[in-house]
Every structure is written in C-alpha cells, then in structure tokens.
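Hi,

Here is the structure I said I'd pass on. Have a look, and my notes follow underneath.

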Amino acid sequence: MPEKRENTKHTQRNKLGPTPKFSELREAEYREVGRYREVGASGIIHAWSFREKLRQMKGKQRRRRSLRGSNRIAVDTFDLSHVVDVEDFAKDEMELQKLAQMRVLVAAEVGGEKLNSLASAFPSSYSNLRLLRFLRKSKSRNVASAAARFIECIKWREEWAVDALIDDCRLPPRKYQEIRRMFAVEIKEVEGVEDTLRRTTVVLSADKWDSQGLMRALAEAQLELDDFLLFWIMRYEQIHKMLYERSLETHGLEYADLRCELKDLRLSSFSRQFVNEVVPKWLQITQDFYPETSNKIYFVDPPKIITAVWKVVGRFVKRGTKEKVVMMKTS
C-alpha cells in the first residue's frame with residue numbers, strides 16, 4: 001500500500017514557528033512568514049482590493065482572517081482606521097497598498113494597539129500621513145526600509161521623550177532664548193517662492209548665526225549639546241504639526257519651503273569645530289527622523305564663498321536633500 005504523501009506545504013508552514021520580529025527578518029524573508037503572508041510580494045492584498053478591505057475592516061480591531069484552503073493560517077490584523085485619512089493623499093493605489101504593508105510591519109514590531117494609541121494622541125507624528133513621508137523618502141518606495149526607519153524613529157522619540165515636549169519644554173527659558181538669539185529661525189505661512197500658494201515657510205537667517213558663540217557656551221558649560229539639539233527638535237515638531245494641519249485642509253501632503261538667508265555670510269561666521277562636531281548630529285536628526293519635510297531649499301542671495309561653505313557642509317547632507325537646493329538671487 002503506497003505511503004500517504006505528506007502535505008509538504010502545510011508541514012512547511014507549521015514549521016515556521018513563532019513569528020519573528022521585523023528586525024530579525026531580511027526583506028526577502030518576511031514575505032514567507034505566516035504573519036506577513038497576507039501582504040503579497042506584488043503589493044496586492046490577495047482576493048480583496050485595498051479599498052474593499054478598508055470597508056470590511058473599518059472599526060474592527062484585531063480581527064482574524066485566514067488564507068485560502070483548509071490549511072489556512074490565521075493572520076493577525078490591526079486597526080486600519082488610520083489608513084482612511086490618506087486615501088486622498090496617496091499618489092496611486094500602489095502607494096496606498098505599500099503604506100498598508102508598511103504599517104503591518106511597524107505594528108508587528110511595536111504592537112498594533114500601541115501604534116494606534118500613539119497615532120490617536122499624536123497624529124502629526126504617528127498617523128499614516130507621517131508614515132507616508134518615510135515611505136516617500138525612498139524613490140523606489142521600499143516598504144521594508146521605510147518600516148525599519150520609522151521603527152527607529154519611534155525608539156528615538158521614546159529615548160528623547162519627544163512626545164512630552166508638548167506639555168513640558170524641558171529647556172529652561174534662559175537657554176532657549178540664548179540659542180534662539182544665536183540661531184534665528186522664523187516659521188510662518190506665506191506664499192510660495194515659485195507660485196502663489198500659501199506654504200509653511202521656514203526662514204533661517206544663517207548669515208546672522210553665531211556658531212562660534214555656541215561653541216564658547218558649550219566649552220564654558222553654559223549650554224550642552226543636547227540643549228541645542230532639543231531646541232531644533234522643538235522647531236521640527238512645530239513645523240510638522242503645521243504641515244499636518246495644512247495637509248488636512250488641502251487634502252494633499254504638504255511640504256515646507258526652507259529659505260536660508262545668506263547675503264551677509266562670512267567664513268568667519270562658521271566655527272570649524274561647529275561644523276565637525278555639531279552639524280553632523282544636527283543633520284542626522286533632521287534627515288533620519290523628519291524626512292520629506294521640505295519641498296525646496298532656497299539659498300537666498302548666496303555670496304561667492306558659498307561654494308567653499310557648501311563643499312564643507314554638503315558632505316553631511318544626503319543626496320535627496322541636495323537635489324532640493326535652489327540658488328536664488330532676490331535682485
């Protein structure tokens with residue numbers, strides 16, 4: 001009597017064991033794990049279109065669905081209600097589907113309930129509009145790398161207690177005013193440089209910045225490096241709150257215009273120590289945890305020395321950010 005053939009596919013699935021965390025998976029592996037099998041490699045969520053699934057899942061938390069056949073594997077889902085607010089913001093259906101895949105991976109690592117709770121309490125920082133910025137940071141819309149970056153952002157925000165800044169500045173008024181005096185920055189809503197649409201505009205009076213004064217204050221222990229970084233984190237949080245509210249008004253993902261005033265820039269304005277010790281950490285926070293913030297970065301009235309300055313500072317700036325830089329003469 002012939003031996004009964006073993007259902008190798010079923011056996012292989014059962015041998016998968018406990019679902020590993022995303023950090024333990026390579027991009028090519030996560031598609032083969034039961035928990036993630038619902039999100040196909042092609043970006044299609046099996047039998048349902050993404051919008052149809054939203055209608056089925058809206059308002060349902062942590063429902064369990066199963067895949068095809070008698071050997072179905074239950075897939076732990078999560079609340080998709082936060083995805084609804086980005087249907088008008090995504091460029092196409094594929095971007096919507098990749099956003100859903102990204103949220104699955106992030107929820108698997110940090111917990112679906114925790115992610116939904118954070119998104120409800122701090123929508124400008126954790127809702128799908130913020131996830132969409134991380135997704136768009138990659139031109140190829142790489143879901144795995146975008147999810148990994150957002151997970152690191154969550155860990156960083158917890159380490160720095162960024163969410164608590166809303167209720168507790170933690171930066172003494174004296175230090176805040178001192179840094180503000182050295183590094184003038186203005187955030188406002190004005191017409192765009194290249195169109196008449198109102199945009200969130202960040203004006204940096206970089207030609208008036210006192211980096212040497214900052215380094216003296218750090219050397220004399222009047223200020224700490226974390227004070228300087230915390231000052232800018234507070235500014236970034238303010239910018240993204242404005243962008244979130246503006247995006248809801250316009251039904252499109254809004255970006256800020258960044259204007260760097262450089263008319264009176266002098267080489268003596270920049271401390272070499274500031275460039276080597278402070279700028280890398282400052283830009284790392286900007287580029288890693290606040291991606292896709294700016295639409296364009298305008299260097300306004302740049303003097304001839306800007307070539308030398310940009311050659312030094314530009315080595316810390318990522319390629320995608322460099323491509324947004326526009327030299328502009330007001331005259």
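Which residues of α12 are buried? They are F274, V275, V278, V279, W282, L283, I285, Q287 and F289, where buried means under 20% relative accessible area, exposed over 50% and partly exposed in between (1.4 Å probe, protein chains only).

Before you go further: this is a predicted model, so local features need pLDDT of at least 70 and side-chain atom pairs count only at pLDDT 80 or more, while totals for chains, interfaces and linings use all residues. Residues are numbered from 1 along each chain as its sequence is written, and side-chain values use heavy atoms, with hydrogens and water left out.

On confidence, pLDDT (the predictor's per-residue confidence, from 0 to 100) averages 75 over the chain, and 70% of the residues score at least 70. Be wary of residues 4–84: pLDDT stays under 50 there.

Back to α12, a helix (a DSSP run of H or I, at least four residues, numbered from the N terminus). It covers residues 272–289. From first C-alpha to last it reaches 25 Å, close to the expected 26 Å (1.5 Å times one less than its number of residues). There is a kink of about 40° at V278, shortly before the proline P280; the bend is the angle between axes fitted to the seven residues ending there and the seven starting there.

The other spot is L253, in the loop between α11 (225–250) and β5 (256–261); strands are DSSP runs of E, at least two residues. L253 counts as buried because its relative accessibility is 12%. Its C-alpha is 9.1 Å from that of D88, 165 residues away along the chain.

Cheers

Methods
Contact = heavy atoms within 4.5 Å.
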